[in-house]
Amino acid sequence: MQHLISSQTRGALFCALASFSLLASCAAEDEPDLSDVSAELGNGLIDTSNTPQANAVVGWGGCTGVLISPQHILTSAHCGFINPVEPGLDAQGTGEWYFAIPGARAQAGMTSGRKRLDGSVTLEVGYDRPGADLRNVAVANASACRSTCAADEACKAYTYIAGNSRCYLKSPGSWRPVTFGPDSDNAFTTHVLAMALPGREDFLIAKLTEPVPANVATPIPPLLSVPGNDPLAFFGDDWIKMVGYGAYYDETGREVGGDGRRRVGWAKMTEYPYRSFGVLQPNMFLLAEGYDCATVLPGDSGSPALWTDPEGRTYVVGIAQGSQACGGRYLATFGVGGTASDGTPKPNLGAYLGQQLAVTGVDFVRDARMPSSTFARIAACDDGRMLGMTSGGRLHQWVPGATSWAVVAELGAGVKDLDCHANAPIFLDASNRVRRRLSTTTQTIGTAPSNATDLAYAGGNLWVRRSDSRAYELVSGTWRNRTHGGTEIERTAQHLLTAAAWSTNPGRHFLYLRDLAKLSSFITLGAYDATDFDMHHPATSTEPVFYRQLGAGIDRGVLIRGNAPVR
């Protein structure tokens with residue numbers, strides 16, 4: 001954020017400071033686009049915008065968070081007073097939602113538990129959950145205390161103390177109010193109902209008691225993956241916006257606590273993964289080279305890093321963890337996890353977000369109708385058959401009701417992709433030809449544009465995607481470039497499916513990526529290690545059916561519309 005002291009003085013002050021939370025050197029020669037903020041200059045660049053998108057970033061419990069669905073905030077776990085290493089959590093995350101309750105701390109002689117949204121209650125031996133007491137009763141043991149909490153609708157957690165055989169039932173009540181919108185005439189206040197976190201990372205999703213009206217704040221979706229897990233190449237020199245309610249430096253360079261106003265700054269991604277306090281963290285990136293030395297400061301924990309793509313769509317790409325001179329340390333929403341250099345396992349944050357929140361997405365289940373399979377490419381036919389092709393080009397077929405896959409043809413080595421048209425296999429061969437397999441012969445339909453890698457059939461026409469990610473449609477014998485704007489596909493496409501019959505605007509492409517799916521809005525398909533996806537649109541259904549080859553089986557999925565959580 002900008003300041004009124006000179007750039008030279010500011011750079012000397014700010015680049016020497018490193019504290020926890022967001023502010024404003026180290027200035028780059030180019031400048032970010034400031035046109036999307038209505039701001040006043042003074043004690044930082046203060047964002048006075050009252051637009052629904054600007055209002056998605058909210059001050060919360062001494063921290064900052066961002067609305068990623070009408071009813072969910074993404075922030076840091078410590079902002080919810082929760083230890084990232086809560087009892088029962090592991091590096092992959094439990095995938096469970098718990099009522100908002102006090103955090104746990106190790107304590108001999110005590111047993112605690114927390115209530116899930118489904119009403120079940122955990123058992124945490126050797127832990128205390130202090131505070132938020134509802135009442136206490138005498139019980140025989142910890143199991144009885146747990147049962148007492150389960151039977152009491154108001155109880156959201158409990159602690160049993162063996163020394164006095166007392167059971168402390170806990171309820172946070174209307175916990176942690178959250179107010180969206182700076183305009184008192186248009187503000188909306190709600191509370192935190194429940195929380196979910198993957199464990200081993202300072203990363204938290206908070207569920208609100210009710211959705212935030214769209215005229216007050218509109219969600220900003222998280223970016224769940226980047227091609228090749230190479231964000232430095234993907235974002236390049238793009239400015240990334242930092243937004244938070246934290247502290248700032250006054251005109252003398254003195255750090256001052258947050259004053260309830262939203263401040264903005266811009267920086268560039270310079271390191272991923274990032275070595276924080278001597279430990280290489282696989283999910284962390286560094287923003288540096290901050291415009292006017294934008295810096296994360298106390299109160300900015302949990303604040304979003306926002307990136308706007310070439311077509312003007314904005315995504316959350318990170319959540320602030322701490323300060324760095326003229327920038328900050330962030331956990332990546334697209335982080336794939338792994339093991340930190342100190343041996344700590346870290347969760348796949350992109351997959352976790354994709355599992356927990358689908359901002360219009362697909363809910364997959366293992367398709368038990370089909371026998372096990374491991375294919376490089378799959379395709380769904382309208383008559384219910386599935387096609388599967390091995391990496392060597394051997395084509396298999398499954399017919400509904402069959403107990404095994406049958407080998408039906410040898411398509412040859414080097415086949416790039418497979419689909420089903422008029423219930424017959426079509427494929428893109430090593431010579432870039434689109435071919436159709438009939439019962440005993442193979443027919444050449446035509447030659448695709450050079451360097452084609454993916455094939456799909458929809459809306460009565462063939463589509464291909466080239467290695468440069470441009471999409472082409474075959475219309476009346478001519479391949480026509482359908483790349484919308486020429487940028488989004490080029491930067492993000494990894495796999496192509498088309499669904500023109502399902503589209504409200506059939507003339508535009510539909511892309512589903514192997515790691516991240518996009519329609520005209522944000523969609524996730526999850527399961528980043530899936531080898532292939534396909535979909536078809538049954539005539540008897542208003543919705544498409546999705547398939548993915550994952551591990552040794554095929555999963556079938558249905559579309560979840562809107563911003564509802566998967567669970």
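## The pairing of strands 7 and 10

In this predicted model, strand 7 and strand 10 run antiparallel to each other and are joined over 5 bridges. Within this pairing, Gly113 stands opposite Tyr158 of strand 10.

The two strands belong to an open sheet of 5 strands, in which the order is 8-7-10-11-9 and the pairing is antiparallel. Strand 8 (124-128) and strand 9 (133-138) form the edges, and because each has a single partner strand, one side of each is left without a neighbour in the sheet. On average, and with direction ignored, neighbouring strands of this sheet are turned by 35 degrees against each other. As a general matter, the strands of a sheet pair through backbone hydrogen bonds, in either a parallel or an antiparallel manner.

## Helix 2 on the sheet

Helix 2 (residues 142-151) has Ala142, Cys145 and Cys149 among its buried residues. Seen down the helix axis, the buried residues of helix 2 fall within an arc of 55 degrees, and they therefore line one face of the helix. These buried residues pack against strand 7 (105-114), strand 10 (157-161) and strand 11 (166-170).

The helix as a whole lies across strand 7, strand 9, strand 10 and strand 11, and its direction makes an angle of about 155 degrees with strand 10. At the N-terminal end, helix 2 is capped by Asn141, which places a side-chain oxygen 3.2 Å from the backbone nitrogen of Ser143.

## Strand 22 and its partners

Elsewhere in the chain, strand 22 (304-308) is followed by a loop that leads to strand 23 (314-324). Strand 22 is mostly covered, with 4 of its 5 residues buried.

Strand 22 is joined to strand 15 (residues 240-244) by 2 bridges, the two strands running antiparallel, and in this pairing Ala305 of strand 22 is the bridge partner of Met242. Strand 22 also runs antiparallel to strand 23, to which 5 bridges join it; here Thr308 has Thr314 of strand 23 as its bridge partner.

## Asp309 in the loop

Asp309 is located in the loop between strand 22 and strand 23. Is this loop residue buried or exposed? Its relative accessibility is 5%, and because a residue counts as buried under 20%, Asp309 is classed as buried.

The surroundings of Asp309 include a residue from a distant part of the sequence: Phe235 is 74 residues away along the chain, while the C-alpha atoms of Asp309 and Phe235 are 9.3 Å apart in space.

How values were computed
Residues numbered from 1 in each chain as written. Predicted model: local features only at pLDDT ≥ 70, side-chain atom pairs only at ≥ 80, totals over all residues. Heavy atoms only, no water. Buried < 20%, exposed > 50% of the residue type's maximum accessible area, 1.4 Å probe, protein only. Pairing = 2+ DSSP bridges. Arc of directions from axis to C-beta. Contact = heavy atoms within 4.5 Å. Polar contact = N/O pair within 3.5 Å; in protein donor to acceptor, adjacent residues only side chain to side chain. Axes fitted to C-alpha atoms, helices over the stretch in contact; angles between N-to-C directions.
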